[in-house]
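Work through these exercises with the model open. Try each task before you read its solution.

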Amino acid sequence: MRRSRLVVFAVLAALSLMPLSAQSSRRNNGNTDMDLNVRPIEVPNVDIRITQPQTGREVASSVQIMILLTLLTLAPSLLILLTCFLRFSIVLDFIKRALSLQQVPPTTVLNGIAFFMTLFAMWPVFSQIYLNAYKPLSDGNLGIQEAYVEAERPIRNFMFSQMQDDQSYIGMFMAMGKLDKPETLADVPTYVLVPAYILHELTVAFKIGIYLYIPFIIVDMVVASILMSMGMMMLPPVQISMPFKIMLFVLVDGWGLLTQQLFNSVLR
């Protein structure tokens, strides 16, 4: 009986495996030819070679590429420090703190406003750089060194124009670097002009911020004295004075006046 059962199980197992083997044989016997209308994916060949320079011209070209990549990396910092963006962003942050506002408007919005105001104020300078440096360089009429000099000239003129009233920082950096007193503004090196301009912009921005703080401080003092006279010691004065400061700022068209005065301080 046991042998008969084993034989029956073996026969059933063989019968159950027959369709699978047939299907596998059919799959193996299938057509493997590709459709001629289907194009393979074209992968570009990327080849990077590092070789030793053979001539001085090859060394100079490699150094120029490195300098160009460095300038592209530092482009955001140059935009912030060599333009009026620094002044605009600091003043807008001062007005936000003077109004006792913590979250509104966000810092990203203030930086965006300062950025587009900077584009508006610096557009003549950027146009000169494009016409005198970038376009001749792209047309092949100027080399990289000549284009750099032409691009540097409008930026230097702008920074000098902002420091007409106070050039003490230029003298300070010239003395720190033990350089000779310049006879003209063209004799001031760029590496001296840039930090002097940054400190000048910080000073001007803080002066404007102090002037903006004064009327709002007066409102805070008036509200605090009224609350103390009424015996409301536990009530924060800022919580009461903030709506009055916002109303005062809106009634006098604070954003328009602030923007106009910022542009007047830059575009003389």
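A polar contact is a pair of N or O atoms within 3.5 Å; within protein, one must be able to donate a hydrogen and the other to accept it. Keep in mind that this model is predicted.

**Exercise 1.** Find the side chain that makes a polar contact with the side chain of serine 100.

*Solution.*
- Step 1: Go to the loop between α4 (85-98) and α5 (107-139), where serine 100 is found.
- Step 2: List what serine 100 touches, leaving out residues up to four places away in sequence: Val238, Met242 and Lys245.
- Step 3: Check the side chains. The partner is lysine 245, at 2.6 Å.

**Exercise 2.** Is lysine 245 buried or exposed? Which other side chain does its side chain contact?

*Solution.*
- Step 1: Locate lysine 245 in helix α9 (residues 237-251).
- Step 2: Apply the cut-off. Buried means under 20% relative accessible area.
- Step 3: Lysine 245 has 0%, so it is buried. Serine 100, at 16%, is buried too.
- Step 4: Look at the residues lysine 245 touches, among them Phe216, Val219 and Asp220. The side chain of aspartate 220 makes a polar contact with that of lysine 245, at 3.3 Å.

**Exercise 3.** Classify methionine 232 by its relative accessibility, then name the patch members.

*Solution.*
- Step 1: Find methionine 232 in the loop between α8 (190-229) and α9.
- Step 2: Its relative accessibility is 36%, so methionine 232 counts as partly exposed.
- Step 3: Methionine 232 belongs to a nonpolar surface patch with Ile210, Tyr211, Ile214, Ile218, Val222, Ile226 and Met230. Together they have about 800 Å² of accessible area.

How values were computed
Residues numbered from 1 in each chain as written. Predicted model: local features only at pLDDT ≥ 70, side-chain atom pairs only at ≥ 80, totals over all residues. Heavy atoms only, no water. Helix = DSSP H or I, 4+ residues; strand = E, 2+ residues; numbered from the N terminus. Buried < 20%, exposed > 50% of the residue type's maximum accessible area, 1.4 Å probe, protein only. Contact = heavy atoms within 4.5 Å. Patch = residues over 30% accessible without salt bridge, like charges linked within 9 Å, V, L, I, M, F, W, Y side chains within 5 Å. Areas by Shrake-Rupley, 256 points an atom, 1.4 Å probe, with all protein chains shown as cover. Salt bridge = Lys/Arg side-chain N within 4 Å of Asp/Glu carboxyl O.
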